[in-house]
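The exercises below are meant to be worked with the sequence and the model side by side. Try each task before reading its solution.

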Amino acid sequence: MSVIAKPGDRIACGRFVYPGFLAIAQRMSVELVPLPEMTGDALTRACQDGPISALYVVPTNDNPTTLTLSTEQREDLTRSARLHGIQIIEDDAYGLLSGKPLPPLSKLAPELGWYVLSTSKTISPALRVAFVRVPSAAQALQLAADVHETSVMAPPLNAAVVTTWLRDGSFDRLVSAVRSEASWRSKLASDVLCGNEYACDPQGFHLWLKLPGGVAAADLSQRLSMEGIGAIPSDRFTVGPCREQALRISLGGVAERETLETALKVLDAHVRP
């Protein structure tokens with residue numbers, strides 16, 4: 001963001017966005033423009049009210065909505081981005097967990113794409129290492145300079161561990177194991193929450209639970225917290241006005257499967273229609 005945006009810029013995104021990105025946008029004084037749907041037409045319409053500098057998108061297992069863009073949707077977005085000269089910030093934190101990975105937008109439009117892949121979601125949050133693919137060598141040098149100013153370098157030991165795992169094949173084995181556990185947990189959630197309105201990626205570690213009419217997400221989140229269950233209300237992710245009441249539920253926050261199952265049953269008791 002420090003490389004491609006300046007205060008006052010307009011950046012397109014979904015109606016619900018990862019809170020970390022919301023914080024960055026607020027700190028940099030950029031205007032987020034929520035798209036009613038993640039399509040090329042919606043992006044083009046957003047340009048009618050003023051130039052759009054960039055598009056922020058989580059293409060696979062969106063946080064929080066769990067939406068995965070199809071290949072056709074990705075192609076549609078990149079066509080619109082090319083037409084209007086919009087750079088793409090592609091936050092692919094969950095892409096490696098997909099059993100059937102789709103082509104990144106940055107591959108479809110390499111001259112526009114800033115592709116970010118983190119090891120924190122695919123292997124362990126203890127690994128604070130990410131990889132960034134940028135559109136040009138000049139922008140890579142600028143990004144490296146900004147990283148040096150803010151954090152000097154990636155954590156050396158973490159970087160060494162990830163590099164070793166990439167070279168000896170451990171990385172792929174670990175990602176496969178995490179993918180398998182995520183699949184088991186998402187299946188458990190579907191069994192326990194059957195009958196509720198929610199979305200969950202088959203290899204995902206979170207679900208997006210829409211609440212029945214009259215139930216306020218913030219109030220239910222507080223009640224669940226008193227019972228030891230963490231659930232983030234939809235207003236923490238919202239860009240602009242939105243009345244939809246929903247909760248983001250993490251399926252990976254506890255180590256034991258039995259604890260997760262108990263928590264999901266308590267959640268179901270609170271929201272069962």
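**Exercise 1. Decide which residues of helix H3 are buried, and whether they share a face.**

Step 1. In H3, the buried residues (buried meaning under 20% relative accessible area and exposed over 50%, partly exposed in between, with a 1.4 Å probe and protein chains only) are Arg74, Leu77, Thr78, Ser80 and Ala81. This is a predicted model, in which local features need pLDDT of at least 70 and side-chain atom pairs count only at pLDDT 80 or more, while totals for chains, interfaces and linings use all residues. Residues are numbered from 1 along each chain as its sequence is written, and side-chain values use heavy atoms, with hydrogens and water left out.

Step 2. Looking down the axis of H3, one finds the buried residues within an arc of 160° (taken from the directions from the helix axis to the C-beta atoms), so they line one face of the helix. An α-helix has 3.6 residues a turn, so residues three or four places apart point the same way.

Step 3. On the other side of H3, Glu72, Arg79 and Leu83 are exposed.

Step 4. The cover over the buried residues of H3 includes helix H2 (40-46), S3, strand S4 (87-91) and helix H4 (105-108); helices (H or I, at least four residues) and strands (E, at least two) are DSSP runs numbered from the N terminus.

**Exercise 2. Describe how helices H7 and H8 are arranged.**

Step 1. The axes of H7 (residues 156-168) and H8 (residues 170-192) come within 5 Å and cross at roughly 95°, where axes are lines fitted to C-alpha atoms, for helices over the stretch in contact, and angles run from 0 to 180 degrees between N-to-C directions.

Step 2. H7 and H8 are therefore roughly perpendicular to each other, a label that covers angles of 65 to 115 degrees, with under 35 counting as roughly parallel, over 145 as roughly antiparallel and the rest as oblique.

Step 3. Where they meet, Val162, Trp165, Leu166 and Asp168 of H7 are in contact (heavy atoms within 4.5 Å) with Ser170, Phe171, Arg173 and Leu174 of H8.

**Exercise 3. Work out the surroundings of Val175.**

Step 1. Val175 lies in helix H8 and is buried, with a relative accessible area of 4%.

Step 2. Leaving aside residues up to four places away in sequence, Val175 touches Leu96, Leu97, Thr122 and Ile123.

Step 3. Although Ile123 and Val175 are 52 residues apart along the chain, their C-alpha atoms are separated by 5.8 Å.
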